[in-house]
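This report describes selected features of one protein chain, for reading alongside its sequence and coordinates. It treats in turn a sheet, a loop residue, a pair of helices and a pocket.

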Amino acid sequence: MYRAARSADELAEGAVRGGDELAEDAVRSVDNFVPTSGSQLVANPYKITTILGRWAGDMEHIKPSMLPEDINVGTALGEVAENKGGFNFLNVPDHLYDPDTFFELYNKPWLEGAINRGDDIILATKPTNPLQLMDEFGSLKGMFAEEVQYLVQQNYKPVNLSASEWNTIKSWF
């Protein structure tokens, strides 16, 4: 995992050193795990990169690579309000989990912050059919499904989806 530049001055200093050092200073990535989406988890050095996905199979393996400043960016539970060049990973203590209120209290405000900041959003879990997100009656299956639905409602396309993939996912809701 690379350390991200934390300021324009630090980024410029890396540029003066040039070449490989710039890449090491400017770009953070999760190199020890490839999520089920197949997408590389590489932070945009000029923005915050928010990662969404199912816990089992993806997020549980990504979490150990996160730094403290990557957790809950811009929320009361986070350590920082901005994390340009880094990641944004939602991590709420289990004792706060209530399935009836969790999305509204934690996921939605966290996602609103990501959208309002203009974060790049990467889906670690890329849904390929509607039954991965909802049952045959249209009820959503978990928090990740609610997050994807919220992105659709806001028409905020994840950066690792093609326009065609995004349009297909939007058609499910």
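In this predicted model, 3 strands form an open sheet with parallel pairing, arranged in the order 4-3-5. The edges are taken by strand 4 (87-88) and strand 5 (120-123); each has a single partner strand, so one side of each lacks a neighbour in the sheet. Strand 3 and strand 5 run parallel and are joined by 4 bridges. Thr-49 stands opposite Asp-120 of strand 5. Helix 4 packs on this sheet, where it touches strand 3 and strand 4, and the direction of helix 4 makes about 145° with that of strand 3.

Gly-118 lies in the loop that runs between helix 4 and strand 5. Although Gly-118 and Ile-48 are 70 residues apart along the chain, their C-alpha atoms are separated by 8.0 Å. When neighbours within four places in sequence are left aside, Gly-118 is in contact with Lys-47 and Tyr-156.

A further packing arrangement involves two helices. In general, such a pair is described by the angle between the two axes and the distance between them. The axes of helix 5 and helix 6 (residues 163-171) come within 10 Å and cross at roughly 105°. Helix 5 is therefore roughly perpendicular to helix 6. At this contact, Val-148, Leu-151 and Val-152 of helix 5 meet Trp-166, Ile-169 and Lys-170 of helix 6.

The largest pocket has a volume of about 530 Å³. Its lining comprises 22 residues, and those nearest the centre of the pocket are Trp-55, Leu-90, Phe-102, Asn-107 and Met-143. Two or more lining residues are contributed by each of strand 3 (49-52), helix 3 (55-62), helix 4 (102-117) and helix 5 (143-154).

The residue classes at the helix contact and in the pocket lining are set out below.

| Site | Nonpolar | Polar | Charged |
|---|---|---|---|
| Contact of helix 5 with helix 6 | 5 residues | no residues | 1 residue |
| Lining of the largest pocket | 13 residues | 4 residues | 5 residues |

Helix 4 thus appears in two settings: helix 4 packs on the sheet, and helix 4 gives two or more residues to the lining of the largest pocket. Helix 5 likewise contributes to that lining and also meets helix 6.

How values were computed. Residues numbered from 1 in each chain as written. Predicted model: local features only at pLDDT ≥ 70, side-chain atom pairs only at ≥ 80, totals over all residues. Heavy atoms only, no water. 1 Å grid on protein atoms, 1.4 Å probe; cavity = no way out; pocket = protein on both sides within 12 Å on 5 of 7 lines; lining within 4 Å. Points joined across faces, edges and corners; volume = space filled by probe spheres on them. Nonpolar A, V, L, I, M, F, W, Y, C, P; charged D, E, K, R; others polar. Axes fitted to C-alpha atoms, helices over the stretch in contact; angles between N-to-C directions. Parallel < 35°, antiparallel > 145°, perpendicular 65-115°, else oblique. Contact = heavy atoms within 4.5 Å. Pairing = 2+ DSSP bridges.
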